[in-house]
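The following paragraphs lead the reader through a model. Please keep the sequence and the coordinates in view while reading.

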Amino acid sequence: MSVSLAKKAGAAGAVTIAVLVGGGSATAADEEVPEPASFTSAFTAAATPDEIINPDGMAVAGEEGATGTFNFRINSDEEIICYDIMLNGVTPPYMSMARSATHIHEALAGQSGPPRVTFPDPEDAGDGTLRSSGCLQGPFTTGIEAEGGGDTGDGFTLKEIEANPAEYYGDTHTMDFVAGAVRGQLSQVPLGGVPTGGGGTAPNERGSTNMALYVSAGAIVIAAAAGATLARRRVTN
Amino acid sequence: MRSRRHAGVVFGLILAVGGCAEAQPPTGASSAPIPTSEPPAPTTAATTGEPATTSTISEASTPPIATAVPAPTTSTAAPTPPTTPAVRPAPIAVRIPSIGVESVLLEMGIRTEDGAAEVPEDYDVAGWYANGSRPGGRGPTVLVGHVDSTSGPAVFYRLHELAPGTHIEVQLADGTVAVYEVEITEQFPKSQLPIFEVFGATERDVLRLVTCTGQFDYEARSYFDNLVVTAVRM
């Protein structure tokens, strides 16, 4: 996992190395793990430069034209969070006092709050975007000292996100936009398919096996989900 | 022959069973004829959680006409508040002239029993996934609706007919109308629905309509697949 601890050019003195702050438990947690078999919840955030609030509670501009998509799947029983973070138009280098510069913070829209989970900073995906994905298992530490001591990740569990996702936001911090280049509050996403309809008379029931049924000219054809049902033609009674 | 749905027992069972609306056949159906042009009762069913008493499917399968446009009220499973800025008006009705769809939108959340998207109890009414984005936001505005019931076609029965370029009108709570143009229609197995492709944040102001399709599982009384129409804001 990359740790971004860029020093501001010309800053007097050294920036305190984050891993030495907050109790020295930084290496015991935040473990990269394989994806779990199932999830208890999922969330997405559309990060923009218009929602940045600095630590003093003031609205400041993020990186103009930049966007970010933060997708999370959580298994709160196993304290695992799988992340898929994509940034478009965000200009490195990253900069943060935390273990990395890409976080989930706790605060409502329009407010600033401490980071609770840190993620590897997105890297060049080869298509002009930055991307970072994987799964982490808590307990989580951020490397940021909490008020009163300890780490801002201390005591935090993923069930808290599930209880109120609107109280959490994803963001990333860069040298040019220390308060945040892009930020977006989390919103919940359903798991699995949508249960609509039960009469058995829908036309496709007797017909097409095509996955992308209609595509407009110029639109990218999105391939069907892996393992699509072409082979699964159930014999009906 | 279409028989009138006995909503009382039927809807109670649908709510309890879940899945892709495993509709029980009407019990003790009276042979009252189905009115051909009666608009359905206003959204009392889903708003209060009680079974609709007069919801019927017309023979001509014309969708319900949204006469008044009431502000949508939350259904029994209250959705968590949307995180998009409150300044954006919520979508309250949808109209697709080319396939005769016209419906108010009920606010939907997530079902506690399985974490799946909540869908309206009323087969004739569409829902808006209220945890997600709204028109104007950087995320999909997702509408859900049944494709059919044991009584016949439901609100999104003809969704599969939507060709690219077709217009969809979404009425907003501030009285304005957001128009979207269909871009692509896709079919995904429900068990492998790519949830972020359907519900995840997007770069553009996008509308998605979701219903069921594909092979019908007669034992489970549900479809295997979801049909997802994506439309882009004009």
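A:Pro139 is found in the loop of chain A that lies between E8 and helix H1 (158–163). The peptide bond that leads into this proline, from A:Gly138 to A:Pro139, is cis, with omega near 10 degrees. The model is a predicted one, and the values given here are computed from it.

A second cis peptide bond can be found in chain A. The bond from A:Pro92 to A:Pro93 is cis, and its omega is near 10 degrees. A:Pro93 is found in the loop between E4 and E5 of chain A. As background to these features, most peptide bonds are trans, and most residues other than glycine have a negative phi. The backbone of A:Glu79 can be read against that background: its phi is near 55 degrees, a positive value in a residue other than glycine. A:Glu79 is found in the loop between E3 and E4 of chain A. Is A:Glu79 buried or exposed? With a relative accessible area of 13%, A:Glu79 falls under the 20% limit and therefore counts as buried.

These local features belong to a chain with one helix and twelve strands. Read along the sequence, the elements of chain A follow the pattern β-β-β-β-β-β-β-β-α-β-β-β-β. Chain A has 237 residues, of which 49% count as buried. Of the contacts in chain A with a separation of 6 or more, 66% come from residues 24 or more positions apart. The surface that chain A exposes is about 10500 Å², and carbon and sulfur atoms supply 53% of it.

Chain A also holds a covalent cross-link. How many disulfides does a search of the whole structure find over all chains? The search finds one, and this disulfide joins A:Cys82 to A:Cys135 with an S to S distance of 2.1 Å. The pair links distant parts of the chain, as A:Cys82 is in strand E4 of chain A and A:Cys135 is in strand E8 of chain A, 53 residues apart. The torsion about the S-S bond of A:Cys82 and A:Cys135 is about 100 degrees, so the disulfide is right-handed. Both A:Cys82 and A:Cys135 are buried. In chain B, B:Cys212 counts as buried because its relative accessibility is 2%, which is under the 20% limit.

Chain B has three helices and ten strands. From the N terminus on, its elements run α-α-β-β-β-β-β-β-β-β-α-β-β. Buried residues make up 59% of the 234 residues in chain B. Among the contacts in chain B between residues at least 6 apart in sequence, 63% join residues at least 24 apart. The accessible surface of chain B comes to about 8700 Å², and 56% of that area belongs to carbon and sulfur atoms.

The description now turns to the pockets. Rolling a probe the size of a water molecule over the atoms shows where empty space is left. The largest pocket has a volume of about 1200 Å³. Which residues lie nearest the centre of the largest pocket? Of the 41 residues in its lining, these are A:Met86, B:Phe196, B:Glu197, B:Ala201 and B:Thr202. Elements of both chains take part: strand E3 (67–75), strand E4 (80–88) and strand E8 (129–137) of chain A, together with strand E8 (177–189), helix H3 (195–199) and strand E9 (206–217) of chain B, each supply at least two residues of the lining. E4(A) gives the most to this lining, with six residues. By class, the lining of the largest pocket has 16 nonpolar, 14 polar and eleven charged residues. Strands E4 and E8 of chain A, which contribute to this lining, are also the strands that hold A:Cys82 and A:Cys135.

The second largest pocket has a volume of about 610 Å³. Its lining has 26 residues, of which A:Pro55, A:His105, A:Ser112, A:Gly113 and A:Pro115 lie nearest the centre. Strand E5 (102–106) and strand E9 (168–172) of chain A each supply at least two residues of this lining. By class, the lining of the second largest pocket has 13 nonpolar, nine polar and four charged residues.

Notes: Residues numbered from 1 in each chain as written. Chains lettered and ligands numbered in written order. Predicted model: local features only at pLDDT ≥ 70, side-chain atom pairs only at ≥ 80, totals over all residues. Heavy atoms only, no water. 1 Å grid on protein atoms, 1.4 Å probe; cavity = no way out; pocket = protein on both sides within 12 Å on 5 of 7 lines; lining within 4 Å. Points joined across faces, edges and corners; volume = space filled by probe spheres on them. Helix = DSSP H or I, 4+ residues; strand = E, 2+ residues; numbered from the N terminus. Nonpolar A, V, L, I, M, F, W, Y, C, P; charged D, E, K, R; others polar. Buried < 20%, exposed > 50% of the residue type's maximum accessible area, 1.4 Å probe, protein only. Disulfide = S-S within 2.5 Å. Contact = heavy atoms within 4.5 Å. Areas by Shrake-Rupley, 256 points an atom, 1.4 Å probe, with all protein chains shown as cover.
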